[in-house]
Each structure stands twice: as C-alpha cells, then as structure tokens.
Amino acid sequence: MALRSRWQSNRSILRLFDLLPSYNLSPLLYTARHNCTVAAAAEVPESRKSPIQILRTAAEVRSWRREQLAKGLTVGLVPTMGALHAGHMRLVQSSMRMNDATMVSIFVNPAQFAPTEDLASYPRDFDADIEQLAAQEGDNRQVDVVFAPHVEEMYPNGIPLNIADQKGAFVSVHGLSEQLEGSIRPQFFRGVATVVSKLLNIVTPERVYFGQKDIQQTVVVKRLVQDLCYGSVVHVVPTSRDANGLALSSRNAYLTEQTREDAAVIYKALQNAVMAYRQNTSAEKIIETVVSTITENFNKDDIEYVCVNDKDTLEELETVHPLKGAIVSLAVRVPNKFGGKTRLIDNILL
Ligand SMILES: Nc1ncnc2c1ncn2[C@@H]1O[C@H](COP(=O)(O)OP(=O)(O)OP(=O)(O)O)[C@@H](O)[C@H]1O
Ligand SMILES: CC(C)(CO)[C@@H](O)C(=O)[O-]
Ligand code: BAL
C-alpha cells in the first residue's frame, strides 16, 4: 500500500480475515486457551490478608460508595486488568492527589478479548498487585479499596467470547471503535465500553483515570461518558516508559530481553515523527519517517499500522493543522519468548 495518510501492512489485513491463532501466543498456548472455559480462564485468585479492603461484589462497592458520599468524600477510580506496573501506579498517584478516596479495579474483562486472543494467558498476579498498591502513598492518602469482581459478578448471564453468541446489553461507541486498534481487534472497544459503563454505574466516581498509552481507548471512553451522560470526569495520564523509551505494558512480560532492547526503536520512531512534523506537516512524510525508523529493528510486514489522526474524531489526516495537532499512533508485532509475536502499541501527540 502506498504511504499516504496511513500505513497498514497487507499481512495484518489478511490476518484479520483469516483469524489466524497468532495473537500474542505460541501454538501451544493457543491450544491451551481453547480448552479453557471463560469463567475458569478469567478467575481472580483469592487474596491473602491485606491492608487494602478488597471488594468482590457490586453491592459491596455501592455500600462503600454510600459511606464516602455520607462523609462528603470524593472518589477516584482507576480501572485496570491487573499485572500492575509503574504505569498503573502513575494513574493511582494522580487519583490519590485529586480525590479523598481511591478505588482500583482489577478485572480481566473477557468481553474485550476475541476468541483468538490471549485471555487465558493474560498475566495475572493478584498478591503482587495488592502489595504494590499498598505501598503507594502521597498527600497522606493511600489506595482505599480494590474492586476485584469475579466474571459472574460483571456478566451474570455469561460472556462467551464469540460475539455472535453474546446476549444481553452491550455498549458500542460507533465511529471511534472501528479504525486503528479496532481494525485489528473488531470487538475490543465494544468490550471496553461495556465494562467501563458497568464500572461507572457501580462506582459512580467523581473522576476516572486512563493512560495515554491506550490513546484510542481514552477517546472512546470520553465519548462514552459524554453521550451516556455519566457524571465522572475522565483524566488521561501520560505514558510511563522504560529507560530506553519502551512504553510500560503488562504484556511486556511476554517479551525476550533482546526484543525489549530492540523495541527502543518504537519510541525513537515517534520522536522522529515529531521532528519530521516540525519540517513538514504532511502525514505521508511523518509516516514514512516512523516506518523507516521501526524497520531498523523489525520487519516492515510486522508493522500493523502507522496513522496520523485527529485527536477527537480520529479522522485520518493528510496534513496536520498546527493549531489542532494530531495523534501519531502505531502497532507493531514483535518476537516474544514463546516463539510467536506480541503486539505493542504506542503513540505521540503532535
Ligand atoms: N505505560 C503506561 N503509562 C500510562 N498508563 C498506562 C501504561 N500502561 C497501561 N496504562 C493504563 O493503565 C490502565 C490499565 O491498563 P491495563 O491494565 O490494560 O495495562 P496495560 O499495561 O495497558 O496492559 P496491556 O499490556 O494488556 O495493554 C489503562 O488506562 C492503560 O492505558
Ligand atoms: C480500561 C480497561 C481496564 C477495561 O477493561 C482495559 O481496557 C485496560 O486495562 O486498559
Ligand atoms: N490496555 C488495553 C487492554 C487490552 O489490550 O486488552
């Protein structure tokens, strides 16, 4: 495909339609995943005793929330899928700074995983998560509560991964969910919007925190909150990175040491995009720069997309208007320690 306002490899388009079992997994893990039931795969282990209150049901959360309201305390919510790292802690710190009480949710949400994806093998370490959260403090505040529901609590009628088998109420944010990540993961944002709606309905936080690393998710969630009249304010926290620039991500646990080093080219490519933009506002030129930097260490075929989009509408741009800026985002498949490939996503704002 010509380098115009978007770069997308033919290979990734084929992959989407073939539904090859290659998402983040070795063939071995893929087989294992298909032998698991969803509830067993996404089960949260019981925690050991911890200073943080751990709530498992929506009724418990509502009761805790009523207590905060009665005391006149504001609540910040940080939704996560666990396997917590320093990037998550940055969201937690933002919430602790801005709210009287902070709740972190830990829930590996089956609805956002396609049957070909890595739900069963998604990294989980509940005890380590609680330890990290318990160590957070600032402004005389701490993480007050973790909401770690079981799958049946969030999806009482079950949640088959095949979208055609799903029944009941789901939330879609049309127009913002089909491009970029949505072009590779067609059911992803429906799953995210659905679970975020459930969390906002249960917790009714004053503020809710998301990371810029998943930038399309922030655009989708902002629109969800606006269109469905949720009372929470969405805060976006900048991306935390390793020393070499690699964006922190729970799935980095899948990477080899060599890949972690090689992946430094991803942030370098985004920084080069900013430099290219200073010379020329053409999306084509910016994208060319990104692709040529990434191919210093990775195959061109493994770049799923590099795109320049409007920050609010996600419209693909041919030229960046200096007063409006843009998002440059990308996804690249890199070698993992199982002999397969793991998708990394990243972005930068112009
Ligand atoms: N490096 C990071 N910097 C800032 N926020 C982050 C970072 N990584 C994750 N987050 C944010 O933390 C929240 C929870 O993300 P999640 O639990 O899916 O972790 P993750 O590292 O993004 O996992 P994955 O590897 O599955 O993408 C999301 O809002 C996400 O954007
Ligand atoms: C927002 C979220 C917790 C919903 O499951 C998830 O998509 C994530 O961790 O980014
Ligand atoms: N941080 C995004 C969650 C996911 O990829 O499923």
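What follows is a chat about the ligand sites and cysteines of a predicted model.

Visitor: Hi! Before we start, what kind of model is this?

Guide: Hello! This is a predicted model.

Visitor: Okay, ligand 1 first. Which residues come nearest to ligand 1?

Guide: There are 20 residues around ligand 1, and the nearest are Tyr122, Lys213, Asp214, Ser249 and Ser250.

Visitor: What does the side chain of Ser249 do there, distance-wise?

Guide: An N or O atom in the Ser249 side chain sits 2.4 Å from an oxygen atom of ligand 1. Tyr122 also takes part, with a polar side-chain atom 2.7 Å from an oxygen atom of ligand 1.

Visitor: And Gly211, is that backbone or side chain?

Guide: Backbone: an N or O atom of the Gly211 main chain lies 2.9 Å from an oxygen atom of ligand 1.

Visitor: How much of ligand 1 does the protein bury?

Guide: On its own, ligand 1 exposes 580 Å², and the protein buries 94% of that. As for the space ligand 1 takes up, that is the largest cavity.

Visitor: Nice. Let's move to ligand 3. Which residues surround ligand 3?

Guide: Around ligand 3 you'll find Met81, Gln112, Arg185, Phe188, Asp214 and Arg251. Asp214 should sound familiar, as Asp214 was also listed among the nearest residues to ligand 1.

Visitor: How does that shell split by class?

Guide: The shell of ligand 3 has three charged residues, two nonpolar ones and one polar one.

Visitor: Which atom of ligand 3 does Asp214 approach, and at what distance?

Guide: A nitrogen atom of ligand 3, which lies 3.2 Å from a polar side-chain atom of Asp214. With Arg185, a polar side-chain atom is 2.9 Å from an oxygen atom of the ligand. For Gln112, a side-chain N or O atom is 3.0 Å from an oxygen atom of ligand 3.

Visitor: What share of ligand 3 is buried by the protein?

Guide: The protein buries 85% of the 220 Å² that ligand 3 exposes when taken alone. The space that ligand 3 takes is the largest cavity too.

Visitor: Changing topic: how many disulfides are there?

Guide: The count comes to zero disulfides. The cut-off behind that count is a pair of cysteine sulfur atoms within 2.5 Å.

Visitor: Remind me, what is a disulfide in bonding terms?

Guide: A covalent bond that joins the sulfur atoms of two cysteines.

Visitor: What about Cys229, buried or exposed?

Guide: Cys229 is exposed, at 67% relative accessible area.

Visitor: And Cys307, buried or exposed?

Guide: Cys307 is buried, with a relative accessibility of 0%.

Note on methods
Residues are numbered from 1 along each chain as its sequence is written. Chains are lettered from A and ligands numbered from 1 in the order in which they are written. This is a predicted model: local features need pLDDT of at least 70, side-chain atom pairs count only at pLDDT 80 or more; totals for chains, interfaces and linings use all residues. Side-chain values use heavy atoms; hydrogens and water are left out. Buried means under 20% relative accessible area, exposed over 50%, partly exposed in between (1.4 Å probe, protein chains only). A residue is near a molecule or strand if one of its heavy atoms lies within 4 Å of it. A polar contact is a pair of N or O atoms within 3.5 Å; within protein, one must be able to donate a hydrogen and the other to accept it, and residues adjacent in sequence count only if both atoms are side-chain atoms. Accessible areas come from the Shrake-Rupley method with a 1.4 Å probe; for residues, only the protein chains shown count as cover. On a 1 Å grid over the protein atoms alone, a cavity is a set of points where a 1.4 Å probe fits but cannot get out, and a pocket is an open set with protein on both sides within 12 Å along at least five of seven lines; lining residues have an atom within 4 Å of a point. A molecule sits in a cavity or pocket if more than half of its atoms lie within 2 Å of its grid points. Ala, Val, Leu, Ile, Met, Phe, Trp, Tyr, Cys and Pro count as nonpolar, Asp, Glu, Lys and Arg as charged, and the others, Gly among them, as polar.
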